[in-house]
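Q: Please take a close look at one part of this protein, the largest nonpolar core, and set it in the context of the whole chain.

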Amino acid sequence: MSESRLYTFSQETKDQLRKFRLGTSRAKTPLAKIYQIDTKTQEIKPSSDDTYSDMLELADELPDSSPRFILLSYPLTLASGRQSVPYVLLYYLPVNCNPNMRMSYAGAVELMRSTAEVNRVLEIADAEDLQEIEGRLKGED
């Protein structure tokens with residue numbers, strides 16, 4: 001349980017995580033929020049107040065060489081015709097990121113998953129991977 005002492009969430013961030021999860025469970029469009037680790041305080045917090053509904057816009061906001069956590073609620077219709085709104089954590093880990101940042105995020109991914117109450121974690125290596133996210137979500141159902 002060392003990661004729980006190493007990384008923290010403010011109460012405000014915990015409240016935002018809960019509100020986002022509950023508020024997106026019946027979403028009609030994809031909704032995403034980007035989170036990062038503050039390197040000075042080791043606090044996991046939103047990188048901005050923005051909520052993204054466009055995957056291209058979300059991709060544009062991801063840094064080229066720094067990892068991020070992305071909470072994503074993505075409504076889709078399954079092959080059976082059933083509606084589903086998977087709530088997942090995207091672990092964005094660019095190939096060319098700094099090894100120290102890579103280790104920080106690797107150490108925090110499980111804490112982020114449990115605090116955000118997400119069932120699945122999908123790793124993506126670059127922003128283009130967001131274009132295939134629907135296929136990955138459907139393939140894992």
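A: What follows moves from the whole chain to the core, and then to single residues.

This is a predicted model, in which local features need pLDDT of at least 70 and side-chain atom pairs count only at pLDDT 80 or more, while totals for chains, interfaces and linings use all residues. Residues are numbered from 1 along each chain as its sequence is written, and side-chain values use heavy atoms, with hydrogens and water left out.

The protein has five helices and seven strands, where helices (H or I, at least four residues) and strands (E, at least two) are DSSP runs numbered from the N terminus. Along the sequence these elements follow the pattern α-α-β-β-α-β-β-β-β-α-β-α. With a radius of gyration of 15 Å, close to the 14 Å that the globule rule gives for 141 residues, the protein is as compact as a globular protein of that length; the radius is taken over C-alpha atoms, and the rule is 2.2 Å times the number of residues to the power 0.38. Taken along the principal axes, the box filled by the C-alpha atoms is roughly 45 × 30 × 25 Å.

Of the 141 residues, 45% are buried, a term that means under 20% relative accessible area, with exposed meaning over 50% and partly exposed in between (1.4 Å probe, protein chains only). The accessible surface comes to about 7,800 Å², and carbon and sulfur atoms account for 46% of it; these areas come from the Shrake-Rupley method with a 1.4 Å probe, and for residues only the protein chains shown count as cover. Among the contacts with a separation of 6 or more, 64% are between residues 24 or more positions apart, contact meaning heavy atoms within 4.5 Å.

The largest nonpolar core holds 22 residues, of which I44, F69, L71 and M112 touch the most other members. Such a core is a set of buried Ala, Val, Leu, Ile, Met, Phe, Trp, Tyr and Cys residues joined through side-chain atoms within 4.5 Å. At least two residues of this core come from each of α2 (11-23), β1 (31-37), β3 (68-73), β6 (87-92) and α4 (99-115), and α4 gives the most, with six residues. Apart from this core lies another, of 21 residues, including I70, L76, V88 and I124.

I44 offers a view from within the largest core. This residue lies in strand β2 and is buried, with a relative accessible area of 0%. Leaving aside neighbours within four places in sequence, I44 is in contact with Y7, T8, F9 and T13, with Y35, Q36 and I37, and with F69, A108, L111 and M112. F69 and M112, both in that list of contacts, are also among the core residues that touch the most other members. For a distance across the model, the C-alpha atoms of I44 and P94, which are 50 residues apart along the chain, are separated by 18 Å.

Strand β1 can be followed through A32, which is likewise buried, with a relative accessible area of 0%. When residues up to four places away in sequence are not counted, A32 touches F20, D50, T51, Y52, L58, I70, L71 and L72. The C-alpha atoms of A32 and L89 are 9.5 Å apart, although their positions lie 57 residues apart along the chain as a separation.

Helix α4, the element that gives the most to the core, also has residues that count as exposed. One of them is P99, at 59% relative accessibility, and its C-alpha atom is separated by 25 Å from that of L72, 27 residues apart along the chain. M103 lies in α4 too and counts as exposed at 60% relative accessibility; its C-alpha atom and that of P67, 36 residues apart along the chain, are separated by 10.0 Å.

Two loop residues deserve a note on backbone geometry. Most residues other than glycine have a negative phi. Q42, which is not a glycine, has a positive phi of about 60 degrees and is found in the loop between β1 and β2 (44-46). E117, again not a glycine, also has a positive phi of about 60 degrees; this residue lies in the loop between α4 and β7 (120-124) and counts as partly exposed at 44% relative accessibility.
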